[in-house]
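Colleague: I should like to learn how to read helix packing, burial, cysteine pairing and backbone angles in a model. Could we take these topics in turn?

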Amino acid sequence: MAKEMSKNTLSIGDIFAVSLPDGNYGAIRVADQIDYSYLIITTPYLGTEIPPIENELLGDILLQNRFFYNNDKALIWVEGKAPKEVIYIGNISLSGNKGKIICNSFGGKWGDSVGIEAFLEWRWEFDRENFEKEIQEEEKRINEELKKTQKPMKMMKDETFWSIISLLNFNDEKDVEEILEPAVSVLAKMSVKDIKEFEEALSYKLYLLDTKEHAKNIGEYSYKEETQDYFSADLFLYIRCSVIAKGKEYFELTLKKPKNMSGDNSFEPLLSLASEASTRRTGKDFEYITGCDYESFSNVEGWK
(Lines give C-alpha, C1' and ligand atoms only; values in the text may rest on other atoms or scores of the structure.)
Protein backbone atom coordinates (compact mmCIF):
# COMPACT_ATOMS: atom_id res chain seq x y z
CA MET A 1 0.00 0.00 0.00
CA ALA A 2 1.25 3.49 -0.86
CA LYS A 3 2.06 5.73 2.05
CA GLU A 4 3.48 9.18 2.71
CA MET A 5 7.25 9.46 2.51
CA SER A 6 8.74 7.93 5.66
CA LYS A 7 11.99 6.35 4.44
CA ASN A 8 15.15 7.58 6.13
CA THR A 9 17.15 7.07 2.96
CA LEU A 10 16.35 7.11 -0.74
CA SER A 11 17.29 4.38 -3.16
CA ILE A 12 17.76 4.43 -6.91
CA GLY A 13 14.55 3.13 -8.45
CA ASP A 14 12.25 4.48 -5.72
CA ILE A 15 8.85 5.54 -7.08
CA PHE A 16 6.74 8.31 -5.55
CA ALA A 17 3.31 9.70 -6.30
CA VAL A 18 2.99 13.49 -6.32
CA SER A 19 -0.13 15.60 -5.94
CA LEU A 20 -0.84 17.86 -8.93
CA PRO A 21 -2.58 21.28 -8.95
CA ASP A 22 -5.78 19.87 -10.49
CA GLY A 23 -6.21 17.21 -7.80
CA ASN A 24 -4.81 14.35 -9.89
CA TYR A 25 -1.64 12.39 -9.21
CA GLY A 26 1.60 12.15 -11.13
CA ALA A 27 4.57 9.89 -10.45
CA ILE A 28 8.35 10.36 -10.28
CA ARG A 29 11.31 7.96 -10.07
CA VAL A 30 14.77 8.33 -8.55
CA ALA A 31 17.21 7.49 -11.37
CA ASP A 32 20.60 8.37 -9.91
CA GLN A 33 22.31 9.83 -6.85
CA ILE A 34 25.49 11.82 -6.17
CA ASP A 35 26.00 12.68 -2.52
CA TYR A 36 22.80 14.52 -1.54
CA SER A 37 21.69 15.22 -5.11
CA TYR A 38 19.16 13.04 -6.91
CA LEU A 39 18.28 12.65 -10.57
CA ILE A 40 14.49 12.63 -10.80
CA ILE A 41 12.49 11.25 -13.72
CA THR A 42 8.93 12.41 -14.23
CA THR A 43 6.88 9.53 -15.60
CA PRO A 44 3.95 9.89 -18.06
CA TYR A 45 1.49 8.73 -15.40
CA LEU A 46 -1.43 11.09 -14.77
CA GLY A 47 -4.55 9.86 -12.99
CA THR A 48 -7.13 10.37 -10.30
CA GLU A 49 -5.63 7.64 -8.11
CA ILE A 50 -2.17 6.77 -6.82
CA PRO A 51 -0.82 4.21 -9.30
CA PRO A 52 0.13 0.69 -8.17
CA ILE A 53 3.77 -0.28 -8.55
CA GLU A 54 2.73 -2.62 -11.40
CA ASN A 55 1.62 0.29 -13.62
CA GLU A 56 3.73 0.13 -16.80
CA LEU A 57 3.95 3.93 -17.09
CA LEU A 58 6.10 4.10 -13.96
CA GLY A 59 9.02 2.68 -15.92
CA ASP A 60 8.78 5.29 -18.69
CA ILE A 61 10.03 8.88 -19.01
CA LEU A 62 7.65 11.70 -19.88
CA LEU A 63 8.46 13.45 -23.17
CA GLN A 64 7.88 17.23 -23.09
CA ASN A 65 6.62 19.30 -26.03
CA ARG A 66 5.19 22.45 -24.45
CA PHE A 67 6.54 25.84 -25.51
CA PHE A 68 10.20 25.41 -26.59
CA TYR A 69 10.47 21.70 -25.71
CA ASN A 70 10.83 19.19 -28.54
CA ASN A 71 10.34 15.63 -27.26
CA ASP A 72 12.70 16.43 -24.38
CA LYS A 73 12.84 13.94 -21.52
CA ALA A 74 11.55 15.16 -18.15
CA LEU A 75 14.73 14.82 -16.09
CA ILE A 76 16.17 17.07 -13.42
CA TRP A 77 18.79 16.99 -10.64
CA VAL A 78 17.55 18.19 -7.24
CA GLU A 79 19.22 18.59 -3.86
CA GLY A 80 18.18 17.56 -0.37
CA LYS A 81 15.50 15.34 1.10
CA ALA A 82 12.26 14.44 -0.64
CA PRO A 83 9.34 16.65 0.48
CA LYS A 84 7.12 15.01 3.08
CA GLU A 85 4.15 15.41 0.72
CA VAL A 86 5.40 12.80 -1.77
CA ILE A 87 3.91 9.33 -1.42
CA TYR A 88 6.15 6.29 -1.60
CA ILE A 89 4.83 3.59 -3.94
CA GLY A 90 7.69 1.12 -4.22
CA ASN A 91 10.90 0.46 -6.09
CA ILE A 92 11.56 -0.52 -9.70
CA SER A 93 15.11 -1.72 -10.28
CA LEU A 94 17.03 0.11 -13.00
CA SER A 95 19.58 -2.68 -13.37
CA GLY A 96 18.14 -3.69 -16.73
CA ASN A 97 18.64 -0.24 -18.26
CA LYS A 98 21.51 0.11 -20.69
CA GLY A 99 23.88 3.01 -20.06
CA LYS A 100 23.73 5.81 -17.55
CA ILE A 101 21.07 8.50 -17.94
CA ILE A 102 22.74 11.85 -18.64
CA CYS A 103 21.06 15.05 -17.46
CA ASN A 104 22.50 18.59 -17.37
CA SER A 105 19.57 20.34 -15.66
CA PHE A 106 19.65 21.39 -12.00
CA GLY A 107 16.48 22.38 -10.20
CA GLY A 108 17.94 23.44 -6.86
CA LYS A 109 16.28 22.20 -3.67
CA TRP A 110 13.84 19.31 -4.05
CA GLY A 111 10.48 21.07 -3.69
CA ASP A 112 6.85 20.16 -4.19
CA SER A 113 6.88 21.31 -7.84
CA VAL A 114 9.09 18.39 -8.90
CA GLY A 115 6.94 16.05 -11.00
CA ILE A 116 4.47 18.69 -12.15
CA GLU A 117 5.53 18.25 -15.80
CA ALA A 118 2.83 15.66 -16.57
CA PHE A 119 0.18 18.21 -15.58
CA LEU A 120 1.86 20.98 -17.61
CA GLU A 121 1.98 18.74 -20.69
CA TRP A 122 -1.73 17.95 -20.24
CA ARG A 123 -2.51 21.65 -20.17
CA TRP A 124 -0.40 22.23 -23.29
CA GLU A 125 -2.42 19.62 -25.14
CA PHE A 126 -5.93 20.32 -23.84
CA ASP A 127 -5.91 23.90 -22.42
CA ARG A 128 -3.17 25.62 -24.40
CA GLU A 129 -4.78 29.04 -24.90
CA ASN A 130 -5.40 29.64 -21.20
CA PHE A 131 -2.04 28.11 -20.28
CA GLU A 132 -0.09 30.46 -22.56
CA LYS A 133 -2.10 33.44 -21.32
CA GLU A 134 -1.35 32.62 -17.67
CA ILE A 135 2.37 32.25 -18.34
CA GLN A 136 2.54 35.56 -20.20
CA GLU A 137 0.61 37.36 -17.46
CA GLU A 138 2.91 35.94 -14.78
CA GLU A 139 6.01 37.05 -16.67
CA LYS A 140 4.45 40.50 -17.11
CA ARG A 141 3.74 40.70 -13.36
CA ILE A 142 7.32 39.74 -12.52
CA ASN A 143 8.60 42.31 -14.99
CA GLU A 144 6.53 45.04 -13.34
CA GLU A 145 7.88 44.12 -9.90
CA LEU A 146 11.41 44.36 -11.20
CA LYS A 147 11.01 47.84 -12.65
CA LYS A 148 13.42 49.47 -10.29
CA THR A 149 17.04 50.51 -10.43
CA GLN A 150 19.37 47.64 -9.68
CA LYS A 151 22.99 48.01 -8.68
CA PRO A 152 25.52 45.28 -8.01
CA MET A 153 27.14 45.00 -4.61
CA LYS A 154 30.83 44.27 -4.24
CA MET A 155 31.93 41.91 -6.99
CA MET A 156 34.90 39.63 -7.44
CA LYS A 157 37.69 41.19 -9.49
CA ASP A 158 37.30 40.43 -13.17
CA GLU A 159 40.65 38.71 -13.46
CA THR A 160 39.81 36.27 -10.66
CA PHE A 161 36.25 35.73 -11.89
CA TRP A 162 37.30 34.82 -15.43
CA SER A 163 40.12 32.63 -14.18
CA ILE A 164 37.52 30.53 -12.36
CA ILE A 165 35.22 30.44 -15.40
CA SER A 166 38.14 29.26 -17.51
CA LEU A 167 38.35 26.14 -15.34
CA LEU A 168 35.03 24.81 -16.64
CA ASN A 169 36.00 21.56 -18.30
CA PHE A 170 34.12 21.18 -21.58
CA ASN A 171 36.63 18.77 -23.08
CA ASP A 172 35.17 15.58 -24.56
CA GLU A 173 31.72 14.38 -23.48
CA LYS A 174 31.58 14.99 -19.75
CA ASP A 175 28.60 15.16 -17.42
CA VAL A 176 27.73 18.32 -15.53
CA GLU A 177 29.60 17.41 -12.36
CA GLU A 178 32.82 16.83 -14.30
CA ILE A 179 32.42 20.11 -16.17
CA LEU A 180 31.84 22.14 -13.00
CA GLU A 181 34.21 20.31 -10.66
CA PRO A 182 37.50 22.17 -11.41
CA ALA A 183 35.83 25.56 -10.93
CA VAL A 184 33.83 24.46 -7.88
CA SER A 185 36.94 23.00 -6.30
CA VAL A 186 38.92 26.23 -6.60
CA LEU A 187 36.06 28.51 -5.51
CA ALA A 188 35.26 26.27 -2.51
CA LYS A 189 38.78 26.87 -1.17
CA MET A 190 38.18 30.62 -1.08
CA SER A 191 36.38 32.51 1.67
CA VAL A 192 32.60 32.77 1.94
CA LYS A 193 33.02 36.46 1.10
CA ASP A 194 34.82 35.51 -2.13
CA ILE A 195 32.07 33.07 -3.07
CA LYS A 196 29.44 35.78 -2.60
CA GLU A 197 31.50 38.20 -4.69
CA PHE A 198 31.75 35.58 -7.44
CA GLU A 199 27.95 35.17 -7.41
CA GLU A 200 27.57 38.95 -7.51
CA ALA A 201 29.86 39.21 -10.55
CA LEU A 202 28.06 36.38 -12.32
CA SER A 203 24.64 37.90 -11.65
CA TYR A 204 25.74 41.31 -12.92
CA LYS A 205 27.15 39.88 -16.15
CA LEU A 206 23.93 37.93 -16.76
CA TYR A 207 22.01 41.13 -16.00
CA LEU A 208 24.02 43.07 -18.60
CA LEU A 209 23.15 40.48 -21.26
CA ASP A 210 19.46 40.71 -20.37
CA THR A 211 18.39 43.06 -23.18
CA LYS A 212 15.76 42.97 -25.89
CA GLU A 213 18.38 42.99 -28.64
CA HIS A 214 20.14 39.98 -27.16
CA ALA A 215 16.81 38.19 -26.79
CA LYS A 216 16.08 38.81 -30.47
CA ASN A 217 19.18 36.87 -31.49
CA ILE A 218 18.85 33.42 -29.92
CA GLY A 219 17.70 31.56 -33.01
CA GLU A 220 14.38 29.78 -33.41
CA TYR A 221 13.04 30.90 -30.04
CA SER A 222 14.12 34.53 -30.29
CA TYR A 223 11.98 37.32 -28.88
CA LYS A 224 9.63 38.58 -31.63
CA GLU A 225 7.94 41.76 -30.54
CA GLU A 226 5.97 42.20 -33.75
CA THR A 227 4.32 38.75 -33.72
CA GLN A 228 4.08 38.30 -29.93
CA ASP A 229 5.09 34.65 -30.24
CA TYR A 230 5.77 32.86 -26.96
CA PHE A 231 9.22 33.66 -25.60
CA SER A 232 10.87 31.54 -22.90
CA ALA A 233 12.47 33.68 -20.20
CA ASP A 234 14.18 30.59 -18.76
CA LEU A 235 15.73 29.52 -22.06
CA PHE A 236 17.05 33.05 -22.61
CA LEU A 237 18.67 32.95 -19.15
CA TYR A 238 20.31 29.59 -19.83
CA ILE A 239 21.67 30.85 -23.16
CA ARG A 240 23.13 33.88 -21.39
CA CYS A 241 24.82 31.45 -18.99
CA SER A 242 26.40 29.77 -22.00
CA VAL A 243 27.81 33.09 -23.22
CA ILE A 244 29.61 33.60 -19.91
CA ALA A 245 30.76 29.98 -19.74
CA LYS A 246 32.60 30.52 -23.03
CA GLY A 247 34.88 33.08 -21.39
CA LYS A 248 35.72 36.76 -21.17
CA GLU A 249 36.48 37.39 -24.84
CA TYR A 250 33.23 35.87 -26.08
CA PHE A 251 31.21 37.60 -23.33
CA GLU A 252 32.60 41.05 -24.12
CA LEU A 253 32.11 40.56 -27.85
CA THR A 254 28.51 39.40 -27.37
CA LEU A 255 27.74 42.20 -24.94
CA LYS A 256 28.70 44.74 -27.62
CA LYS A 257 27.25 42.78 -30.54
CA PRO A 258 23.96 41.03 -29.65
CA LYS A 259 23.92 39.29 -33.04
CA ASN A 260 26.76 37.16 -31.73
CA MET A 261 24.25 35.34 -29.47
CA SER A 262 23.46 31.74 -30.36
CA GLY A 263 20.42 29.61 -29.62
CA ASP A 264 22.35 26.40 -30.12
CA ASN A 265 23.90 26.37 -26.65
CA SER A 266 22.67 26.80 -23.10
CA PHE A 267 24.35 26.09 -19.77
CA GLU A 268 21.94 26.33 -16.85
CA PRO A 269 24.35 24.53 -14.44
CA LEU A 270 26.50 27.68 -14.27
CA LEU A 271 23.84 29.09 -11.93
CA SER A 272 24.70 26.46 -9.32
CA LEU A 273 28.48 26.98 -9.31
CA ALA A 274 28.62 29.36 -6.33
CA SER A 275 26.00 27.36 -4.44
CA GLU A 276 27.95 24.13 -4.90
CA ALA A 277 31.17 25.82 -3.76
CA SER A 278 29.51 27.41 -0.73
CA THR A 279 27.92 24.15 0.40
CA ARG A 280 31.25 22.40 0.10
CA ARG A 281 32.96 25.22 1.99
CA THR A 282 30.45 25.56 4.84
CA GLY A 283 28.31 22.43 4.81
CA LYS A 284 25.21 24.65 4.69
CA ASP A 285 22.81 25.85 1.98
CA PHE A 286 23.93 28.95 0.08
CA GLU A 287 21.69 31.87 1.01
CA TYR A 288 22.60 35.10 -0.72
CA ILE A 289 20.61 37.75 -2.57
CA THR A 290 22.54 39.66 -5.22
CA GLY A 291 22.17 43.37 -5.96
CA CYS A 292 21.11 42.64 -9.55
CA ASP A 293 18.52 40.05 -10.51
CA TYR A 294 19.67 37.88 -13.41
CA GLU A 295 16.17 36.62 -14.30
CA SER A 296 15.01 37.64 -17.76
CA PHE A 297 13.35 41.10 -18.04
CA SER A 298 15.10 42.34 -14.88
CA ASN A 299 17.26 44.81 -16.83
CA VAL A 300 14.52 47.37 -17.43
CA GLU A 301 16.82 49.71 -19.37
CA GLY A 302 17.79 46.84 -21.62
CA TRP A 303 14.15 46.11 -22.46
CA LYS A 304 13.01 49.65 -23.23
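Modeller: The discussion below takes helix packing, buried residues, cysteines and backbone angles in turn. Please keep in mind that this is a predicted model.

Colleague: How is the packing of two helices described, and what are the values for helix H4 and helix H9?

Modeller: Two packed helices are described by the angle between their axes and the distance between the axes. Here, helix H4 (residues 176–188) and helix H9 (residues 273–282) have axes that come within 8 Å and cross at roughly 50°. H4 and H9 are therefore oblique to each other.

Colleague: Is the crossing of H4 and H9 left-handed or right-handed?

Modeller: H4 passes H9 in a right-handed crossing.

Colleague: Which residues make the contact of H4 with H9?

Modeller: On the side of H4, the contact is made by Leu-180, Glu-181, Ala-183, Val-184, Ser-185, Leu-187 and Ala-188. On the side of H9, the contributors are Leu-273, Ala-274, Glu-276, Ala-277, Arg-280 and Arg-281. By class, these residues divide into eight nonpolar, one polar and four charged.

Colleague: What angle and what axis distance describe helix H3 and H5?

Modeller: Helix H3 (residues 158–165) packs with H5 at an angle of about 85°, and their axes are 10 Å apart. That makes H3 roughly perpendicular to H5, because angles of 65 to 115 degrees are placed in that class. In this contact, Asp-158, Phe-161, Trp-162, Ile-164 and Ile-165 of H3 meet Phe-198, Ala-201, Leu-202 and Lys-205 of H5. The contact of H3 with H5 has seven nonpolar, no polar and two charged residues.

Colleague: Let us turn to burial. Which residues of H9 are buried, and what covers them?

Modeller: A residue is called buried when its relative accessible area is under 20%. In H9, Leu-273, Ala-274, Ser-275, Ala-277 and Ser-278 are buried. The cover over the buried residues of H9 includes H4 and helix H5 (192–209).

Colleague: What is the relative accessible area of Ser-278, and which residues does Ser-278 touch?

Modeller: Ser-278, which lies in helix H9, has a relative accessible area of 4% and is therefore buried. Not counting residues up to four places away in sequence, Ser-278 touches Ile-195, Gly-283, Lys-284 and Phe-286.

Colleague: Where is Ser-185, and is Ser-185 buried or partly exposed?

Modeller: Ser-185 has its place in helix H4. With a relative accessible area of 21%, Ser-185 is partly exposed. As for its position relative to Tyr-88, the two residues are 97 residues apart along the chain, and their C-alpha atoms are separated by 35 Å.

Colleague: Where is Thr-42 found, and which residues are in contact with Thr-42?

Modeller: Thr-42 is found in strand E4 (residues 37–47) and counts as buried at 3% relative accessibility. Leaving aside neighbours within four places in sequence, Thr-42 is in contact with Ala-27, Ile-28, Asp-60, Ile-61, Leu-62, Ala-74, Gly-115, Glu-117 and Ala-118.

Colleague: The cysteines come next. How many disulfides does the structure hold?

Modeller: A disulfide calls for a pair of cysteine sulfur atoms within 2.5 Å. The structure holds zero disulfides.

Colleague: Why is Cys-241 without a bond to the closest cysteine sulfur?

Modeller: The closest cysteine sulfur to that of Cys-241 belongs to Cys-292, and the separation of 15 Å is too far for a bond. Cys-292 is likewise in no disulfide, the sulfur of Cys-241 being the nearest cysteine sulfur to it. Cys-241 is buried, with a relative accessible area of 0%, and Cys-292 is buried, also with a value of 0%.

Colleague: Finally, the backbone angles. What is the phi of Phe-67, and where is Phe-67 placed?

Modeller: The first point to check is the sign of phi, together with the residue type. Phe-67 has a phi near 50°, a positive value in a residue other than glycine. Phe-67 lies in the loop between strand E5 (63–64) and strand E6 (72–73), and is buried, with a relative accessible area of 14%.

Colleague: What is the phi of Phe-297, and which residue follows H9?

Modeller: Phe-297 has a positive phi of about 80° although it is not a glycine. Phe-297 is found in the segment after H9 and is buried, with a relative accessible area of 12%. H9 itself is followed by Gly-283, whose phi is positive, near 80°.

Conventions
Residues numbered from 1 in each chain as written. Predicted model: local features only at pLDDT ≥ 70, side-chain atom pairs only at ≥ 80, totals over all residues. Heavy atoms only, no water. Buried < 20%, exposed > 50% of the residue type's maximum accessible area, 1.4 Å probe, protein only. Axes fitted to C-alpha atoms, helices over the stretch in contact; angles between N-to-C directions. Helix = DSSP H or I, 4+ residues; strand = E, 2+ residues; numbered from the N terminus. Parallel < 35°, antiparallel > 145°, perpendicular 65-115°, else oblique. Left-handed = near helix turned anticlockwise from the far one by under 90°. Contact = heavy atoms within 4.5 Å. Nonpolar A, V, L, I, M, F, W, Y, C, P; charged D, E, K, R; others polar.
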